[in-house]
Amino acid sequence: MQKTIGTLRKATILLCTLLLSAATVRAADDPAVASKTFTIGMSQCNLGEPWRVQMNAEIAKAAKQHPELKVVFKDAQNDTLKQRAHIEEFVSAGVDLIIVSPKEAAPLTPPVARAVDAKIPVIVLDRRVLGDKYTCFIGADNKAIGKAAGEWILQKLGGKGKVVELKGLMTSTPGQDRNAGFREGIKGSQIEIVFEADMKWLEPDARKEMESALARFDKIDLVYAHNDPGAHGAWLAAKAAGREKNILFVGIDALPHEGVMYVKQGVLTATFQYPTGGAEAIDIALRILKGEKVDKEITLGSRLFTKENVDAGGEPIGSPAPGPK
Ligand code: FRU
């Protein structure tokens with residue numbers, strides 16, 4: 001009797017082991033069971049500018065390498081209220097993660113905070129929200145870029161000159177930082193800002209503002225615009241007035257088919273790269289979704305493109321000066 005019970009127990013254990021390993025093999029074989037799929041909601045503030053089209057393209061390309069990711073894109077068409085609603089919609093839909101490139105800092109802060117409260121991780125890309133209620137911020141250092149632009153311009157103009165500053169939307173953090181950094185870069189010099197205006201990142205607005213500047217000032221040495229569309233808009237205005245050859249134009253973004261091309265054409269004297277961070281956002285999203293801990297701030301690098309270095313791919317900014325050997 002004892003022997004029969006022992007044999008029965010052994011047979012049961014064997015059967016259970018066989019069943020378990022069969023289930024494991026089936027789970028591993030079937031990707032739908034083995035890997036969960038994740039939905040990422042991507043809230044883009046507008047798609048009217050090439051730089052943002054590029055950001056979305058980089059996100060889509062990076063996500064395509066990961067069949068477990070599905071990205072739902074929403075375009076707020078430069079309307080803050082619409083972008084707030086998009087984030088609320090992502091929260092109600094219960095997406096697994098949100099990526100947001102906000103139009104303006106203050107109005108987008110509460111919906112991002114509500115997403116975090118709802119336990120949805122949020123990656124803030126390029127423009128910031130206020131405070132630190134988000135999972136991770138990815139972007140280049142706009143203050144450092146503005147400062148590098150100021151120092152470069154200072155050198156280019158030999159320490160003095162009349163400059164027009166065409167600012168990006170000043171309710172967005174890159175506009176504020178590119179302005180503050182630039183002012184720091186030219187501090188104490190004889191560079192005079194003769195005209196400044198908020199062109200809201202938009203080429204047509206920059207062109208209009210530059211028309212006013214040209215009408216008021218006979219001498220303008222250089223235009224510092226917070227993005228390449230702004231610098232190009234200013235150049236168009238100067239060209240229409242027959243003055244583009246007497247003025248230097250400096251922008252930020254350095255997309256290959258925009259700013260870098262303008263440098264090659266001699267339209268811009270310089271452009272500073274502002275990477276979109278699209279690929280990095282997907283990389284970080286995957287790590288968050290797998291439960292890994294990520295850094296709260298991820299700072300991307302930047303490069304300077306001028307006529308002299310453009311064919312060699314520009315040069316990094318902020319790289320430490322070579323020290324003694
Ligand atoms: C596009 C853009 C870029 C700029 C960035 C700053 O909307 O204006 O040209 O570098 O946003 O957030």
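In the predicted model, the shell around the ligand comprises 4 nonpolar, 2 polar and 6 charged residues. The residues concerned are Asn-46, Glu-49, Trp-51, Arg-52, Asp-126, Arg-127, Pro-174, Arg-178, Trp-201, Asn-227, Asp-253 and Tyr-274. Among the charged residues as classed here are Asp-126, Arg-127 and Arg-178, each of which places a polar side-chain atom close to a ligand oxygen atom, within the 3.5 Å limit for a polar contact. For Arg-127 the separation is 2.6 Å; for Asp-126, an N or O atom of the side chain is found 2.7 Å from an oxygen atom of the ligand. The corresponding distance for the side chain of Arg-178 is 3.1 Å. Taken alone, the ligand has 310 Å² of accessible area, of which the protein covers 100%.

The ligand is located in the largest cavity. Two or more residues of the surrounding shell are contributed by each of the helices α3 (50–64) and α7 (173–185).

The model also contains an open sheet of 7 strands with mixed pairing, arranged in the order β7-β6-β8-β9-β10-β12-β13. The edge positions are occupied by β7 (190–198) and β13 (315–316); each has a single partner strand, so one side of each lacks a neighbour in the sheet. At the β13 edge, the partner is β12 (residues 303–306), which runs antiparallel to β13 and is joined to it by 2 bridges. In one of the pairings between these strands, Leu-304 has Glu-315 of β13 as its bridge partner.

Definitions and conventions:
Residues are numbered from 1 along each chain as its sequence is written. This is a predicted model: local features need pLDDT of at least 70, side-chain atom pairs count only at pLDDT 80 or more; totals for chains, interfaces and linings use all residues. Side-chain values use heavy atoms; hydrogens and water are left out. A residue is near a molecule or strand if one of its heavy atoms lies within 4 Å of it. A polar contact is a pair of N or O atoms within 3.5 Å; within protein, one must be able to donate a hydrogen and the other to accept it, and residues adjacent in sequence count only if both atoms are side-chain atoms. Accessible areas come from the Shrake-Rupley method with a 1.4 Å probe; for residues, only the protein chains shown count as cover. On a 1 Å grid over the protein atoms alone, a cavity is a set of points where a 1.4 Å probe fits but cannot get out, and a pocket is an open set with protein on both sides within 12 Å along at least five of seven lines; lining residues have an atom within 4 Å of a point. A molecule sits in a cavity or pocket if more than half of its atoms lie within 2 Å of its grid points. Helices (H or I, at least four residues) and strands (E, at least two) are DSSP runs, numbered from the N terminus. Two strands pair if DSSP finds at least two bridges between them.
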